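Here are my notes on this one, as numbered points. Have the coordinates open while you read.

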Amino acid sequence: LFLSFSLNIFLFTGGGRLDIYVTVPVLHVVQARLAYVAAEGELKQPFKDELPTRQAQLSTLQDTEEFDVLVVGGGATGSGCALDAVTRNLKTALVERNDFSSGTSSRSTKLIHGGVRYLQKAIMKLDYEQVNAQLVTERCCTVLSVYRWWQLPYYWAGIKMYDLVAGGQCLKSSYVLSKNKALELFPMLKKDKLVGAIVYYDGQHNDARMNLAIALTAARHGAAIANYTEVVHLLKKTDAGTGKEKVCGARCRDVITGNEFDVRAKCVINATGPFTDSLRKMDDGKNTNICQPSAGVHIVIPGYYSPDNMGLLDPATSDGRVIFFLPWEKMTIAGTTDTPTDITAHPIPREEDINFILNEVRNYLSPDVEVRRGDVLAAWSGIRPLVTDPNSKDTQSICRNHIVNVSDSGLVTIAGGKWTTYRSMAEETLDAAVAAHRLGGGPSKTVGLVLEGGQDWSPTLYIRLVQDYGLENEVAQHLAATYGGKAFDVAKMARVTGKRWPIVGNRLVSEFPYIESEVRYAVKEYACTAIDVIARRTRLGFLNVQAADEALPRIVDIMGKMLDWSDKKRTEELEAAKKFLYLEMGYRSRSEQLTGTTEITLDTQEVANSVLIDRYTNRFHKFDKDSKGFITTVDVQRVLQNISVQIDENALHEILNEVDLNKNGQVELNEFLQLMSAVKKGQVSDSRLAILMKTAEESLDLRGPVTVDRSGGGV
């Protein structure tokens with residue numbers, strides 16, 4: 001059993017039974033078929049052909065006299081609990097105060113794995129709970145490079161243990177590579193003192209899409225789910241038998257309208273991740289904290305930093321942490337850090353963490369590969385909800401295990417854990433809830449359950465999208481991999497391009513396969529803000545903040561028409577999304593790299609003759625013919641006409657906007673000098689304006705087109 005373009009999680013439960021959970025099409029593998037029926041009985045197929053609107057879901061929450069289960073939290077764990085509950089035929093509700101997967105669940109390393117990073121602890125400290133006995137069968141090939149001979153058998157034994165716990169479900173066994181073979185497969189590796197490498201396999205996924213698919217599947221089965229719906233306080237009543245107060249629901253508020261209402265339920269499940277203790281203290285103000293938050297920062301750099309479908313693991317960084325360096329969505333993702341942090345709904349990546357990751361990457365890559373700060377296209381921080389161990393000295397040594405707790409008032413709390421174990425965590429949580437509240441409903445039925453989009457998927461689906469709708473091949477592959485069988489619904493909403501090819505499917509930005517119809521479809525999937533689209537319905541904000549910033553006006557325009565936003569609302573959405581990119585996705589770092597550099601730092605010889613300052617100033621004045629002290633698109637167009645180059649006016653505005661720090665529609669000499677200083681230092685890479693002006697200066701007789709596509713342009 002396995003799904004192509006999908007993810008299969010194979011894990012052994014405590015009783016030794018093999019659990020298989022089939023998810024939506026999100027990954028690239030070889031073929032797809034479903035030939036498994038859960039041991040507990042035949043699964044019911046989803047019965048809602050059309051998703052209820054968000055307003056309809058809110059009405060159900062308000063009008064239902066009493067639910068069996070109310071889940072608070074729409075991350076991976078909460079959505080998993082809702083799906084487990086509703087497929088047990090329990091009347092289920094779920095509320096999330098932000099968007100589904102807006103927190104930790106969308107800010108992971110994108111891996112589903114048994115925990116190689118924890119394997120050493122399990123062996124060295126005899127802590128066998130660290131071994132999860134799980135393996136994901138997606139081909140995420142990871143190289144562990146070895147630079148000392150004694151490490152080769154040491155790491156090989158550990159990785160083979162990783163294979164062992166996978167049993168017969170191991171997709172492909174790990175193996176050892178010679179130095180030459182390792183460099184052939186991963187030419188970016190540092191050659192000096194390289195002994196060899198070990199290759200093993202983990203799983204990889206689009207975490208936000210996975211999370212959303214779980215929530216949507218729960219809705220298809222009849223769960224009432226609502227994002228942007230927060231819990232104001234818990235409802236309680238006195239138990240007639242014991243005389244004690246019992247939780248019986250929650251007072252909720254629609255964050256968008258401010259409307260408040262009660263949702264009554266026999267059982268309330270607290271699945272709020274890092275905010276677990278907030279809800280526990282709503283239940284009982286005397287409760288002590290059981291979660292200790294840890295921040296994990298990731299960065300995204302261009303795809304040329306890693307081979308296709310092959311990542312790198314640094315098992316022992318300079319401070320003892322583990323760094324992954326992985327291909328993802330045709331980019332390269334690197335992380336993560338592991339530092340104590342305060343709990344916040346809007347974590348911000350710190351510059352020192354970004355530089356730490358870059359330095360560790362430099363240690364493992366060839367000196368021929370210049371790792372530049374300016375190549376960072378996006379950066380984010382996620383807060384892990386670790387279970388507190390009072391004996392631990394730091395969060396990095398805390399086990400990522402989970403706990404399920406039922407309070408005296410009946411509040412069921414699920415805390416800790418990770419993406420890999422979310423299905424089994426949900427099952428364990430619902431088992432505890434059913435037992436504590438006598439809910440009935442039978443055992444879990446999520447084993448073998450196909451999630452949203454998986455029912456009508458086939459390996460050749462993307463070809464049908466190309467042939468039937470006239471979509472670009474890359475776009476069709478993206479839609480098939482992301483939406484599965486629902487990709488046809490997205491394609492049907494695509495508008496005609498007016499070009500010979502593609503026939504339909506206008507891209508939001510040229511470098512990425514996201515198209516405008518995905519914004520329209522996102523609204524059907526409960527997207528309420530522009531941030532929902534750039535961060536979770538698409539992953540544009542996580543992949544390239546500049547590209548996301550450029551796409552925002554069109555996204556807001558499309559959503560505004562569908563949701564009937566006023567001009568004021570559109571402006572607010574645009575500003576909120578820009579703030580999100582600026583603070584939470586690392587865009588601020590780009591501005592700081594430029595504004596923090598007011599003078600050009602030159603080598604000793606260059607300082608003596610001021611060659612660079614004169615060169616950059618002269619280059620600027622070739623465009624500023626009127627000596628205004630600034631240049632506009634008109635100035636650039638005039639020079640381009642002289643060298644017979646044409647660039648779309650909108651593209652030209654985008655190019656200048658990347659450098660226009662004070663956003664006054666023009667680039668001043670000081671801004672240009674700051675840009676060139678940042679380019680020279682590697683803080684900004686492949687600036688389109690810098691490349692364009694340099695090319696124009698070098699040859700005014702140039703007749704070919706000037707390449708200004710973004711290949712780096714980092715933050």
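1. A bit of vocabulary before the cavities: Ala, Val, Leu, Ile, Met, Phe, Trp, Tyr, Cys and Pro count as nonpolar, Asp, Glu, Lys and Arg as charged, and the others, Gly among them, as polar. Keep in mind that this is a predicted model, where local features need pLDDT of at least 70, side-chain atom pairs count only at pLDDT 80 or more, and totals for chains, interfaces and linings use all residues. Numbering runs from 1 along each chain as its sequence is written, and side-chain values use heavy atoms, with hydrogens and water left out.

2. The second largest cavity holds about 40 Å³ of space. A cavity here is a set of points on a 1 Å grid over the protein atoms alone where a 1.4 Å probe fits but cannot get out, and lining residues have an atom within 4 Å of a point. Volume is the space filled by probe spheres set on the points, with grid points joined across faces, edges and corners. Its lining has one nonpolar, four polar and four charged residues; Glu 329, His 478, Arg 537 and Arg 539 are among them.

3. How many cavities of 30 Å³ or more does the structure hold? There are five, and the largest has a volume of about 50 Å³. Seven nonpolar, no polar and two charged residues line the largest cavity, including Leu 312, Phe 324, Glu 360 and Tyr 364. At least two lining residues each come from β15 (310-314), β16 (323-328) and α8 (351-364). Helices (H or I, at least four residues) and strands (E, at least two) are DSSP runs, numbered from the N terminus.

4. Tyr 364, from that lining, sits 9.9 Å from Asp 192, C-alpha to C-alpha, although the two are 172 residues apart in sequence. Asp 192 is in the loop between α5 (179-185) and β9 (196-204). Buried or exposed, then, is Asp 192? Exposed, because its relative accessible area is 54%; the cut-offs are under 20% for buried and over 50% for exposed, with partly exposed in between (1.4 Å probe, protein chains only).

5. For the whole chain, I get 24 helices and 23 strands, with 59% of the 715 residues buried. Of the contacts (heavy atoms within 4.5 Å) between residues at least 6 apart in sequence, 71% join residues at least 24 apart.

6. The UniProt annotation "domain: EF-hand", from an unreviewed entry, covers residues 611-646 and 647-682; such annotations may be inferred rather than shown by experiment. Residues 611-646 are 64% helix and 6% strand, with end C-alpha atoms 31 Å apart.

How values were computed:
On a 1 Å grid over the protein atoms alone, a cavity is a set of points where a 1.4 Å probe fits but cannot get out, and a pocket is an open set with protein on both sides within 12 Å along at least five of seven lines; lining residues have an atom within 4 Å of a point.
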